[in-house]
Amino acid sequence: MKVKLVVTHPRKDSLTFAVMNRFIEGMKENGHEIDVLDLYNDGFNPLYSAEDEQDWQSPDKVFSPAVRKEMDRVLAADAIVFVFPIWWYNMPSLMKTYLDRVWNIGIFGELGDKKVLWIALAGGTEAVFQKYDYANMISHYLNNGIGKYARMKESRVEYIYDTLSQSKEHIAGLLEQAYHIGKTYN
Ligand SMILES: Cc1cc2nc3c(=O)[nH]c(=O)nc-3n(C[C@H](O)[C@H](O)[C@H](O)COP(=O)(O)O)c2cc1C
């Protein structure tokens, strides 16, 4: 598969990047190709501009070269994978603005043969996410509000829990989980 991976974190030495790297190692075991967009370090412009505003009446609207380039990277992929920390039970704002700017009517209708995978790192534990229904809340939004709305053929969320743990064994287990997700993603 051709995979477009979007990572969102200000620090390359973060657990988010370590999870991404292990996921990629797992995917490469099966020969998948990965095209990475690092929203912070590649300087993605977070401003939604009038130039790129969606126009529901003009499906043939011409977008700015920067947005068009990112749309084409999505269209070239079979699967789009997002790796990000959960901030306020949601995606980081830079990732949201990426979706606002790039995932719009300009590419809707062309995503039906693609799948999306959301790898979300949570400081909270799985027990807390179950108790307060956070996992269902976030998954419902990502899978239905985005994946289904964009008519993608599959949308799935994988949670990497308890990321602030001081236990080296626990963190090693999370990286193993990331590797396994990559190795089994087809
Ligand atoms: C601004 C901010 C908001 C956060 N909000 C949440 C949250 O709502 N739920 C949660 O479980 N963890 C939350 N966290 C913890 C992050 O998910 C955690 O820092 C991250 O998973 C650790 O990975 P990292 O080292 O790559 O940042 C938040 C962290 C930050 C910085």
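These legends describe close-up views of a predicted model.

**View 1. The shell around the ligand.** Sixteen is the size of the set: of the 16 residues around the ligand, the nearest are His-9, Thr-16, Trp-88, Tyr-89 and Thr-163. By class, the shell holds 9 nonpolar, 6 polar and 1 charged residues.

**View 2. Backbone contacts to ligand oxygen.** Three residues are shown here, Leu-15, Tyr-89 and Leu-121. A backbone N or O atom of Tyr-89 sits 2.8 Å from an oxygen atom of the ligand. For Leu-15, a backbone N or O atom is 3.2 Å from an oxygen atom of the ligand. A polar backbone atom of Leu-121 lies 3.3 Å from a ligand oxygen atom. On its own, the ligand has 630 Å² of accessible area, and the protein covers 73% of this.

**View 3. A nonpolar surface patch.** Trp-88, Tyr-89 and Met-137 make a nonpolar patch of about 410 Å² on the surface. Trp-88 belongs to the loop between strand 3 (79–85) and helix 3 (93–102). Its relative accessible area is 82%, so Trp-88 is exposed. Trp-88 and Tyr-89 also appear among the residues that come nearest to the ligand.

**View 4. Ile-105 in its loop.** Ile-105 is placed in the loop between helix 3 and strand 4 (115–121). Is Ile-105 buried or exposed? Ile-105 counts as buried, because its relative accessibility is 16% and the cut-off for buried is under 20%. The C-alpha atoms of Ile-105 and Lys-61 are 9.2 Å apart. Along the chain, these two residues are separated by 44 residues.

**View 5. Asp-133, a positive phi between two helices.** Asp-133 lies in the loop between helix 4 (126–131) and helix 5 (134–148). Its phi is near 65 degrees, a positive value in a residue other than glycine. Asp-133 counts as partly exposed, because its relative accessibility is 42%.

**View 6. Arg-151, a positive phi after helix 5.** The loop between helix 5 and strand 5 (154–160) contains Arg-151. Arg-151 is not a glycine, yet its phi is positive, at about 60 degrees. With a relative accessibility of 68%, Arg-151 counts as exposed.

Terms used. Residues are numbered from 1 along each chain as its sequence is written. This is a predicted model: local features need pLDDT of at least 70, side-chain atom pairs count only at pLDDT 80 or more; totals for chains, interfaces and linings use all residues. Side-chain values use heavy atoms; hydrogens and water are left out. Patches are made of residues with over 30% relative accessible area and no salt bridge: like charges are joined within 9 Å, nonpolar side chains (Val, Leu, Ile, Met, Phe, Trp, Tyr) within 5 Å. Accessible areas come from the Shrake-Rupley method with a 1.4 Å probe; for residues, only the protein chains shown count as cover. A salt bridge is a side-chain nitrogen of Lys or Arg within 4 Å of a carboxyl oxygen of Asp or Glu. Helices (H or I, at least four residues) and strands (E, at least two) are DSSP runs, numbered from the N terminus. Buried means under 20% relative accessible area, exposed over 50%, partly exposed in between (1.4 Å probe, protein chains only). A residue is near a molecule or strand if one of its heavy atoms lies within 4 Å of it. A polar contact is a pair of N or O atoms within 3.5 Å; within protein, one must be able to donate a hydrogen and the other to accept it, and residues adjacent in sequence count only if both atoms are side-chain atoms. Ala, Val, Leu, Ile, Met, Phe, Trp, Tyr, Cys and Pro count as nonpolar, Asp, Glu, Lys and Arg as charged, and the others, Gly among them, as polar.
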